[in-house]
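Below are some notes for a colleague who is opening this model for the first time. Please keep the structure in view while reading the points.

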Amino acid sequence: MIDIEDSVIINQPVGKVFAFATNLENNVSWQTNVILSEQTSEGPFGRGATYRVVNRFMGQFFDSEGIISEYVPNEICTYRFTAGMVAGESRFIFEALNGGTRFVTRSNIELKNLKMLGFMVKRKARHQVRNDLQKLKHILEYGAGHPDYCGIFED
């Protein structure tokens with residue numbers, strides 16, 4: 001299993017960060033290697049909604065399905081994988097801070113096709129999450145069209 005926890009302070013109100021980060025259609029703009037992200041159930045997004053995500057990680061494509069198992073607006077959203085090449089869950093936690101937001105991501109996932117690569121997969125996944133958080137911060141604070149936006153951030 002890959003256990004990852006990381007966070008970033010975003011200088012935007014918690015409502016704006018929550019709305020953007022939990023909108024599945026936005027995943028392709030800030031999550032590295034997300035090719036497709038969509039809600040598959042009818043009705044509003046929230047607890048019980050289902051989704052599909054296609055990722056490309058270390059040269060392999062992962063098509064996964066899941067359910068939103070926990071959802072409290074402006075506080076928490078948990079994505080539990082139910083089918084596909086990814087097992088486990090990812091949790092987004094939002095904390096209001098003086099007009100800004102602390103955004104925390106906690107993941108406990110397993111990439112079924114890449115178990116044998118162990119440490120290398122964990123290291124790459126942790127780096128990817130760090131990069132994604134910086135990208136999300138930049139998009140929300142400056143916009144994707146900002147002149148300094150390059151789409152790639154390093155540690």
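**Notes on the strands, the core and two turns**

1. In the pairing of strand 5 with strand 6, I76 stands opposite I93. Strand 6 covers residues 86–97, and the two strands run antiparallel, joined by six bridges, where pairing requires that DSSP finds at least two bridges between two strands. The connection from strand 5 to strand 6 is a hairpin with one residue in it.

2. A word on the basis of these notes: the model is predicted, so local features are described only at pLDDT of at least 70 and side-chain atom pairs only at pLDDT 80 or more, while totals for chains, interfaces and linings take in all residues. Residues are numbered from 1 along each chain as its sequence is written, and side-chain values rest on heavy atoms, with hydrogens and water left out.

3. The chain holds three helices and seven strands, where helices are DSSP runs of H or I with at least four residues, strands are runs of E with at least two, and both are numbered from the N terminus. Read from the N terminus, the order of elements is β-α-α-β-β-β-β-β-β-α.

4. Of the 155 residues in the chain, 43% are buried, a term that stands for under 20% relative accessible area, with exposed meaning over 50% and partly exposed lying in between (1.4 Å probe, protein chains only). Among contacts (heavy atoms within 4.5 Å) between residues at least 6 apart in sequence, 47% join residues at least 24 apart.

5. Strand 4 and strand 5 are also antiparallel, with eight bridges between them, and Y71 stands opposite C77 in strand 5. Three residues lie between the strands of this hairpin, in which N74 takes a positive phi near 65°.

6. N74 has this positive phi although it is not a glycine, and N74 sits in the loop between strand 4 (60–72) and strand 5 (76–84). Because its relative accessible area is 34%, N74 is classed as partly exposed.

7. N33 offers a second case, with a positive phi near 70° in a residue other than glycine. N33 belongs to the loop between helix 2 (27–30) and strand 2 (34–39), and its relative accessibility of 32% is why N33 counts as partly exposed.

8. Which residues have the most contacts inside the largest nonpolar core? They are W30, Y79, F94, F103 and L136, in a core of 34 residues; such a core is a set of buried Ala, Val, Leu, Ile, Met, Phe, Trp, Tyr and Cys residues joined through side-chain atoms within 4.5 Å. At least two residues each come from strand 1 (2–10), helix 1 (14–21), strand 3 (50–57), strand 4, strand 5, strand 6, strand 7 and helix 3 (118–142). Helix 3 gives the most to this core, with seven residues.

9. F94 deserves a closer look: leaving aside neighbours within four places in sequence, F94 is in contact with residues including V14, V17, F18, A21, I76 and F103. The contacts of F94 also include N74, the loop residue with the positive phi of about 65°.

10. Is V104, in strand 7 (residues 100–111), buried or exposed? V104 is buried, because its relative accessible area is 9%. Beyond its neighbours within four places in sequence, V104 is in contact with E5, D6, S7, R91, F92 and I93. V104 and I9 are 95 residues apart in sequence, and their C-alpha atoms are 8.8 Å apart in space.
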